Amino acid sequence: MKRETKLGRRAVLAGAALALAAPALRAQTQARVNIFAHRVHRTVATGAQGGDITEAWARENNATVEWVTFDTGPLQDRLMREASLADSTVDIGFILNTQATPRIATLFEPLDDLMRQAPIEELGDVFPGMLDGLKVGGRLYGLPFRHASSGMHYNETFFEERGISGPPRTIEDLAEFARRTTWSRNGQPVVGLVLPGVTYPNVIDIARAWDGEFITPDMRVVANEKPMVNAITLLRDLFVAGAFPRSFTAINTEDVNVWMQTGRAAMVVNSMGRNAIYNDPARSQFPGKIKTTTIPISREFSNKFEVAPAKVEFWGMAIPKNAKNKERAWSLMRAMLSKDSTLRAALNGNGPVRNSTYDDARVRAQLPFADDERKVLRVARVPMPAFDNAQRAADFFKEEAEAAVLGMKTPQAAMDDLTRRVRPLLQS
């Protein structure tokens with residue numbers, strides 16, 4: 001009896017030891033998924049209001065999700081360096097749509113086969129312009145996660161004071177309203193329209209009122225065709241009328257924010273998400289009075305589009321070609337792009353990439369411009385396709401657009417010169 005008691009005690013002690021060791025053993029067998037991202041991606045994926053969108057997936061797959069976050073420039077440098085190695089511990093990396101170039105695509109896994117094996121939930125619910133923006137040579141290299149889409153912001157107080165009811169319905173109305181809201185208000189000059197410079201992403205928003213492009217998806221330069229020439233002409237005419245800032249070449253995004261907050265401008269074309277900044281009671285002289293809507297379409301295209309197919313720029317999730325477990329990475333990406341995850345991330349402050357997210361009452365309460373943003377996203381496109389010489393093309397655009405608006409060249413001559421300068425960049 002005594003011996004049996006000792007054996008029983010040993011068994012109990014051994015069992016207790018195993019029970020204590022079990023969590024450590026489970027931790028050792030847990031998979032780890034490493035995500036390289038901007039810190040805002042982690043914030044909107046794990047925030048308090050919508051909760052952590054990776055938590056359920058990690059629990060179901062006995063895995064941990066590790067976020068390694070950087071600012072935009074360092075993230076791009078580090079991710080591309082990791083993706084260039086023989087092997088890497090990075091499973092998912094966040095890339096901008098402007099990085100979806102043929103050269104960069106060689107570093108990441110095409111997702112088409114993974115998509116066929118394990119499809120995304122209701123892929124048709126994801127706005128098509130963002131999916132198209134992550135394709136290279138017809139193959140998909142990323143899934144969109146967070147967007148910024150363009151809209152028009154206007155000072156409702158100024159409109160009322162100048163006898164204007166509601167936002168412009170056409171781009172021709174916008175030009176007229178810009179002239180009418182250019183005046184001296186209580187001794188302070190007001191310009192009708194301001195942009196953060198005449199770089200191609202800003203001017204393309206105006207050109208899209210005529211369904212225009214700088215460079216088409218099939219890599220043709222069409223800057224000298226009517227839509228872009230119309231956009232440059234509109235800005236030149238407003239500049240001559242004093243309705244576009246004399247100092248437009250030196251204005252940046254932060255300047256534009258201040259101009260709208262302090263009443264130096266009546267309208268701006270910028271990211272719709274700027275609505276909160278323009279109406280911030282702590283910084284704005286017109287809180288609640290800066291309204292956000294769509295960029296209006298031209299009268300001649302009103303039978304084709306309800307609103308201008310403005311630009312959308314965005315972050316996407318991609319899998320490095322040297323990732324060790326691509327199936328697991330794809331599984332997490334699918335979970336992060338599910339309808340539920342997209343909604344929860346939106347509640348955490350993310351720009352939703354699904355149409356259905358805008359149906360939720362909580363999202364609509366957060367975004368007073370939700371209906372208009374959805375209208376834009378249904379037709380929005382990237383400002384131009386990504387390619388290896390894109391920065392040089394952007395520099396050329398800025399030079400020629402500034403020359404035209406300042407009157408150094410006619411809009412047509414400037415866009416003809418731009419087209420000639422950019423064509424060789426595409427051929428190379």
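**Exercise 1. A residue in a loop**

Task: Decide whether V198 in this predicted model is buried or exposed, and find where along the chain V198 lies.

Solution:
- Start with accessibility. V198 has a relative accessibility of 1%. Buried means under 20%, so V198 counts as buried.
- Next, place V198 in the chain. V198 belongs to the loop that runs between β8 and α10 (200-207).
- Now look across to A394. Along the chain, V198 and A394 are 196 residues apart, while their C-alpha atoms are separated by 10 Å.
- Finally, set this beside the whole chain. Of its 428 residues, 54% are buried.

**Exercise 2. The strand before that loop**

Task: Work out which strands join β8, and in which directions they run.

Solution:
- Begin with β8 itself, residues 188-194. Five of its seven residues are buried, and the strand is mostly covered.
- Turn to β7 (residues 183-185). Three bridges join β7 to β8, and the two run antiparallel. In this pairing, S184 stands opposite P189 in β8.
- Look at the turn. With two residues between them, β7 and β8 form a hairpin. One residue in the turn, N186, has a positive phi of about 55°.
- Then take β9 (residues 265-271). Three bridges join β9 to β8 too, but here the strands run parallel. L193 stands opposite M267 in β9.
- To put these strands in context, the chain holds 19 helices and eleven strands. Its C-alpha trace spans about 105 × 50 × 35 Å along the principal axes.

**Exercise 3. Rings that meet**

Task: Find how the rings of F158 and F286 are arranged, and where in the chain the two residues lie.

Solution:
- First, search the whole structure: there are twelve aromatic pairs.
- Take the pair F158 and F286. The ring centres are 5.2 Å apart and the planes stand at 80°, so this pair is edge-to-face. The cut-off for that label is an angle over 60 degrees.
- Locate the partners. F158 lies in helix α8 (residues 156-161), and F286 lies in the loop between α13 (275-278) and β10 (290-293). They are 128 residues apart, and the pair links distant parts of the chain.
- Check accessibility. F158 is buried, at 0%, and F286 is buried as well, at 8%.
- Look for a cluster. Ring pairs link W67, F94 and F145.
- Finish with charges over rings. The charged end of R264 sits over the ring of W259, 3.9 Å from the ring centre. Likewise, the charged end of R421 sits over the ring of F396, at 4.1 Å from the centre.

**Exercise 4. The largest pocket**

Task: Describe the largest pocket by its volume, its lining residues and the classes they fall into.

Solution:
- Volume comes first: about 630 Å³.
- Then the lining. It has 28 residues, and those nearest the centre of the pocket are R146, H147, A148, S271 and G351.
- Ask which elements contribute. At least two lining residues come from each of β6 (143-155), α13, β11 (312-318) and α16 (361-366). β6 gives the most, with four residues.
- Sort the lining by class. There are twelve nonpolar, 13 polar and three charged residues.

**Exercise 5. Enclosed spaces**

Task: How many cavities of 30 Å³ or more does the structure hold, and which residues line them?

Solution:
- Recall the idea behind the search. Rolling a probe the size of a water molecule over the atoms shows where empty space is left.
- Count the cavities: the structure holds two of 30 Å³ or more.
- Describe the largest cavity. About 50 Å³ of space lies inside. Its lining is made up of I95, Q99, A100, T101, I104, A105, F108, L134, V136, Y141 and G142. By class, that gives eight nonpolar, three polar and no charged residues.
- Describe the second largest cavity, with about 30 Å³ of space. Its lining is P144, F145, M336, L337, T342, A345, N350 and V353. β6 and α15 (339-347) each supply at least two of these residues. Six are nonpolar, two are polar and none is charged.
- Link back to earlier exercises. F145, part of the ring cluster with W67 and F94, is one of the residues lining the second largest cavity. β6 supplies residues to this cavity and also to the largest pocket.

Terms used. Residues numbered from 1 in each chain as written. Predicted model: local features only at pLDDT ≥ 70, side-chain atom pairs only at ≥ 80, totals over all residues. Heavy atoms only, no water. Phe/Tyr/Trp six-rings, centres within 6.5 Å; stacked < 30°, edge-to-face > 60°. Buried < 20%, exposed > 50% of the residue type's maximum accessible area, 1.4 Å probe, protein only. Lys NZ or Arg CZ within 6 Å of the ring centre and 35° of its normal. 1 Å grid on protein atoms, 1.4 Å probe; cavity = no way out; pocket = protein on both sides within 12 Å on 5 of 7 lines; lining within 4 Å. Points joined across faces, edges and corners; volume = space filled by probe spheres on them. Nonpolar A, V, L, I, M, F, W, Y, C, P; charged D, E, K, R; others polar. Pairing = 2+ DSSP bridges.
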